[in-house]
Amino acid sequence: MTQNTPLSSRLPLPSEDVTLRVRSAAQLRARGVSAAQTSAQCLPGGPWQQILPGVYLLHPGPPTGRERLHGALLYAGRPPVSARRAPARLAEPGYGPGEEDAYGEAMVTGVAALALHGFAAVGPLGALHRIDVLVPRTRRLRSARFVEVLRTAVMPRAVRVGEVPVAPVERALADAVAATAEAADVRRLLTEAVREGHCEPAAVVRELSEAELLGRPAVVGAVDALLAEGRAAAEARLYAMVREHGLPDPVWNVELRLPGGPRLGAVDAYWPDHAVAVELDARAPRYGVPARRRQAEEDPQWAAYAAKREQLERLGVTVVHLTPRKLREAADQQATVVRTALMAAADREPAAYVMVLPR
């Protein structure tokens, strides 16, 4: 292909493919389109337009939400200046650098990522005025027009929504919350995250803690609502697991106590005839403690859980410990664990008599 080849034949533009309607300068050069030719195409009234530094929309109309998204990733994913001097590498004949290479390590985060994850609270992608893009801290890249560049020392593992690299829900939430001042908006985002099963409360709170957002007035009450929502969602999944897998009906949300003696603690479900209890681990994460310290220090709440379990098991009560995440991701497996505990009751020594009281 030479400079004499007509421009239209160098760059076919299938209208269905957004990645061919938005191209970086490097991709155009790989197709044999010079900088001068690109500039000429972008003159007033021309067929192309520059929407971001080094990123071009190859039609004259306004960009769609998907085109802006693709353009943001091309802008944030472009290599440093020193790397741009190297010859372009063709990943596919006639199409220039592969899209994954063009994006580099960049990924969509914040509200735009939540839109891609399917959050109703943020509205459609095309209505967003800003697209947050996460890049490594070492990148020297400024925010431009509708793209807000966020830097981080540790990049999360991107998930793919279609072909788009997107931050995990909990990281996207933290970045969205950082840019949201209204408490009602924060509460709406966090509640939907748990209610719709996008992620677990503990993962969200960890991200908010790492981002040092838990002390913000708009966040404090929203986190309490998040944890309450998470607890309610886990209980609903536990009820559904018992019902859908044909387990015997337990007594729900009760407190166990020795006759005339001390409290033994509350459990979420109890089968008195089998002396089997189920306890949900919906502990609130330890606010404000960095991850490394959380791992190194003893968790007092977990210690209390363990002490209660040991005391009940000394009395012959089998305690099945379930987490909200296990109930969400592997309910069949957890039902089998509970059923096995119930069936094993016949082979155990009779448990001590305990009183069952409403919680």
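## Starting at Thr-191

Thr-191 is buried, with a relative accessible area of 13%; buried here is under 20% relative accessible area, exposed is over 50%, and partly exposed is in between, using a 1.4 Å probe and protein chains only. This residue sits in helix α10. Helices (H or I, at least four residues) and strands (E, at least two) are DSSP runs, numbered from the N terminus. Going 10 residues along the chain takes you from Thr-191 to Pro-201, and their C-alpha atoms are separated by 9.3 Å.

A word on what you're looking at: this is a predicted model, in which local features need pLDDT of at least 70 and side-chain atom pairs count only at pLDDT 80 or more, while totals for chains, interfaces and linings use all residues. Residues are numbered from 1 along each chain as its sequence is written, and side-chain values use heavy atoms, with hydrogens and water left out.

## The overall picture

The protein has 16 helices and 13 strands. Of its 359 residues, 44% are buried. Take the contacts (heavy atoms within 4.5 Å) between residues at least 6 apart in sequence: 63% of them join residues at least 24 apart.

## α10 against α12

Back to the helix that holds Thr-191. Helix α10 (residues 183-195) meets helix α12 (residues 217-244), with axes that come within 9 Å and cross at roughly 20°. The axes are lines fitted to C-alpha atoms, for helices over the stretch in contact, and the angles run from 0 to 180 degrees between N-to-C directions. That makes α10 and α12 roughly parallel to each other: angles under 35 degrees count as roughly parallel, over 145 as roughly antiparallel, 65 to 115 as roughly perpendicular and the rest as oblique. The crossing of the pair is right-handed, meaning that the near helix is turned clockwise from the far one by less than a right angle (anticlockwise would be left-handed).

On the α10 side, the residues making the contact include Val-186, Leu-190, Thr-191 and Val-194. From α12 come, among them, Ala-222, Leu-226, Glu-229 and Ala-233. Sorted by class, this contact has 11 nonpolar, three polar and four charged residues. For that sorting, Ala, Val, Leu, Ile, Met, Phe, Trp, Tyr, Cys and Pro count as nonpolar, Asp, Glu, Lys and Arg as charged, and the others, Gly among them, as polar. If the spacing of those positions looks familiar, here's the background: an α-helix has 3.6 residues a turn, so residues three or four places apart point the same way.

## α9 against α11

Helix α9 (residues 169-178) and helix α11 (residues 201-210) also have axes that come within 9 Å, and here they cross at roughly 45°. These two are therefore oblique to each other, and their crossing is right-handed. Glu-170, Arg-171, Leu-173, Ala-174 and Val-177 of α9 make the contact with Ala-203, Val-204, Glu-207 and Leu-208 of α11. By class, that comes to six nonpolar, no polar and three charged residues.

Val-204, in helix α11, is worth clicking on. Val-204 is buried, with a relative accessible area of 1%. Setting aside residues up to four places away in sequence, Val-204 touches Glu-170, Leu-173, Leu-190, Cys-199 and Leu-226. Val-169 is 35 residues from Val-204 in sequence, yet the two are 8.3 Å apart in space, C-alpha to C-alpha.

## A buried glutamate

Glu-67 belongs to helix α5 (residues 65-77) and counts as buried, at 2% relative accessibility. Its side chain is joined to that of Arg-21 by a polar contact of 2.6 Å. A polar contact is a pair of N or O atoms within 3.5 Å; within protein, one must be able to donate a hydrogen and the other to accept it, and residues adjacent in sequence count only if both atoms are side-chain atoms. Leaving out neighbours within four places in sequence, Glu-67 is in contact with Val-18, Arg-21, Val-22, Ile-51, Leu-57, His-59 and Pro-62.

## A covered helix and some positive phi values

Helix α8 (residues 110-117) is mostly covered, with seven of its eight residues buried; Leu-114 and His-117 are among them. Right after α8 comes Gly-118, which has a positive phi near 95°.

Two residues other than glycine also have positive phi. Glu-212, at about 60°, is in the loop between α11 and α12 and is exposed, with a relative accessible area of 70%. Ala-275, near 55°, lies in the loop between β10 (263-271) and β11 (276-280) and counts as buried at 8% relative accessibility.
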